[in-house]
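Please open the model in a viewer and keep the sequence panel visible. The stops below each begin with a selection.

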Amino acid sequence: MAAPLPAVPPGPRGEVRSPGRHPPPPPPPDRRTKKDDSVLEIPSIPNPFPELCCSPFASVLSVSLLPKATSRKKQVIKVYSEDDTSKALEVPTDITARDVCQLLILKNHYIDDHNWTLFEHLTHTGLGRAIEDHELVMEVQSNWGMQEENKFYFRKYYAKYEFFKNPVSFFPDHMLSFPNETNAAISHSGILQMFLSSSTYPEIHGYLHAKEQGKKSWKKLFFLLRRSGLYFSTKGTSKEPRHLQFFCEFSNSDMYMSLTGKKISGAPTNYGFCFKPNKSGGTRDLKQLCADDEQSRTCWMTAIRLLKRSISENSLVAMDFSGHRSRIIENPMEVLSVAVEEGLAWRRRGCLRLNSHGSPIAMSNMAIHRSQSWFHHKISRDEAQRLILQHGLVDGVFLVRDSQSNPKTFVLSLSHGLKIKHFQIVPLEDDGKLFYTLDDGQTRFTDLIQLVEFYQLNKGVLPCKLKHYCARIAL
């Protein structure tokens, strides 16, 4: 008689296992639900100008957009384009302005030429500013009042890092003074190095009109910008400490440019700017200033922007990713060369005559220019100047528009020397063929695209070459 089989212990759910058989192997882990432990938290690298160091081989999105082990809260923001079309984006609460720009660039298949910028427009006060790349967008929006209809705009701003290329246009000699121990014959690259240094800082000085608190009147005073803040002199141009009175510091306030000129503030000139506390209660808290010309305003605003970035805890350093190992770029002029190289590569890619879908254009010469981003149909002179100002008063920023005074001609509006100039493009007919010219027929072109491409490569009768076009992009 066979011996009885040994008792088989019950399984995990009470079922009886067959004798002499091994338990089935455990099921494979569900890869869909397993958290990816290989995703590491990448520490943020300080960098004051991240757009100058973006590698074409590196990820265009920063670590704030990469997946993390823990879920984060998200909110919806609305971003407008030049033609007032808008797009709603659901973004993390800690997203930066740079990452919002990258998202819109990817969604709309734009070329990232390091000039895309997120703008903040305060509609009630007529103020606006370019949001710095490292700023948190939700923090900026949290400073808006409940009844304020403020907006974020996504556009190109060519003056963003232009001071690297042409410091003399931003910092004229008569507005600069250096520490006593500094050699007076300092180079332009040395000026930039001093602005970005944590120990030394050039002094900016000159006259500004300041609006008196609680009054409608403005007073012209001699101002000085130092690392500790902005001061004005109570006695002429005296710089003695007993004559200097503190005006503003920048750690808890943002700087805005006046977009409406004299209309709202009643300023004596159109070159206004102001400082608005982050938790401002309204226009009464604004500290308003205005300069006598565009060069002076540009100098003050650029110097204050550099000062804010040099003392910011979130400031970053430029990086080079072209080699096998990344490295920090310490020389500002090397950062400039990287930016120029990226810009030239973009221009080579953008010279083809393609439509918005990337296909070659096949149109008649009479209407071929209408498909170009630099052409603006039936906009006024004032609208053209406003559009160029929004893109930055950098040498070579341009657009082409219809002429209002002569319907058969066109106008080339061009920024040069912090001024906007207008040149008439005249059609000429010769032997039954139509040509376009800027110089009374000495140089002729069969269409406007040929004309623009020529002056992108040659200065000709213009004060400078055409470099950056103004476009009204749609989201």
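The tour goes from the whole chain to individual residues.

**The whole chain**

Display the complete protein as a cartoon, bearing in mind that the model is predicted. The secondary structure comprises eight helices and 21 strands. Of the 475 residues, 45% are buried. Among contacts with a separation of 6 or more, 56% link residues 24 or more positions apart. If a surface is switched on, about 26,700 Å² is exposed, and carbon and sulfur atoms supply 53% of that area.

**Confidence**

Colour the chain by pLDDT next. The average is 77, and 68% of the residues score at least 70. Select residues 12–21: the pLDDT is below 50 over this stretch, which has nine contacts in the model beyond near neighbours in sequence. Then select residues 342–364, where the pLDDT is also below 50 and the model shows 30 contacts beyond near neighbours in sequence.

**Helix 8**

Select residues 448–457, which form helix 8. Its buried residues are Leu448, Ile449, Leu451, Val452, Tyr455 and Gln456. Looking along the axis, one finds that these residues cover an arc of only 160 degrees, and they therefore lie on the same side of helix 8. Add aspartate 447, which caps the N-terminal end of the helix. A side-chain oxygen of aspartate 447 is placed 3.0 Å from the backbone nitrogen of isoleucine 449.

**Glutamate 135**

Move to the loop between strand 4 (127–130) and helix 2 (137–142), and select glutamate 135 there. Is this glutamate buried or exposed? Glutamate 135 has a relative accessible area of 16%, so it counts as buried. A polar atom of its side chain lies 2.9 Å from the backbone nitrogen of glutamate 132. To see the surroundings, show Ile95, Thr96, Ala97, Arg129, Val140 and Asp254, with which glutamate 135 is in contact when neighbours within four places in sequence are left aside.

**Aspartate 84**

Select aspartate 84 in the loop between strand 1 (74–80) and strand 2 (86–92). With a relative accessible area of 45%, aspartate 84 is partly exposed. Residues up to four places away in sequence not counted, aspartate 84 touches Lys151 and Tyr153. Now add arginine 472: although 388 residues separate it from aspartate 84 along the chain, the two C-alpha atoms are 9.4 Å apart.

**Arginine 370**

Continue to the loop between helix 6 (332–350) and strand 16 (375–376), where arginine 370 is located. Arginine 370 is partly exposed, at 46% relative accessibility. Phe375 and His377 are the residues that arginine 370 touches, not counting those up to four places away in sequence. Measure from arginine 370 to arginine 401 in the viewer: the C-alpha distance is 9.8 Å, for a separation of 31 residues in sequence.

**Cysteines**

Finish with the cysteines. How many disulfides does the structure hold? There are zero. A disulfide is a covalent bond between the sulfur atoms of two cysteines. Select cysteine 290, which is buried with a relative accessible area of 0%. Cysteine 470 is likewise buried, at 0% relative accessibility.

Note on methods:
Residues numbered from 1 in each chain as written. Predicted model: local features only at pLDDT ≥ 70, side-chain atom pairs only at ≥ 80, totals over all residues. Heavy atoms only, no water. Buried < 20%, exposed > 50% of the residue type's maximum accessible area, 1.4 Å probe, protein only. Helix = DSSP H or I, 4+ residues; strand = E, 2+ residues; numbered from the N terminus. Arc of directions from axis to C-beta. Polar contact = N/O pair within 3.5 Å; in protein donor to acceptor, adjacent residues only side chain to side chain. pLDDT = per-residue confidence, 0-100. Contact = heavy atoms within 4.5 Å. Disulfide = S-S within 2.5 Å. Areas by Shrake-Rupley, 256 points an atom, 1.4 Å probe, with all protein chains shown as cover.
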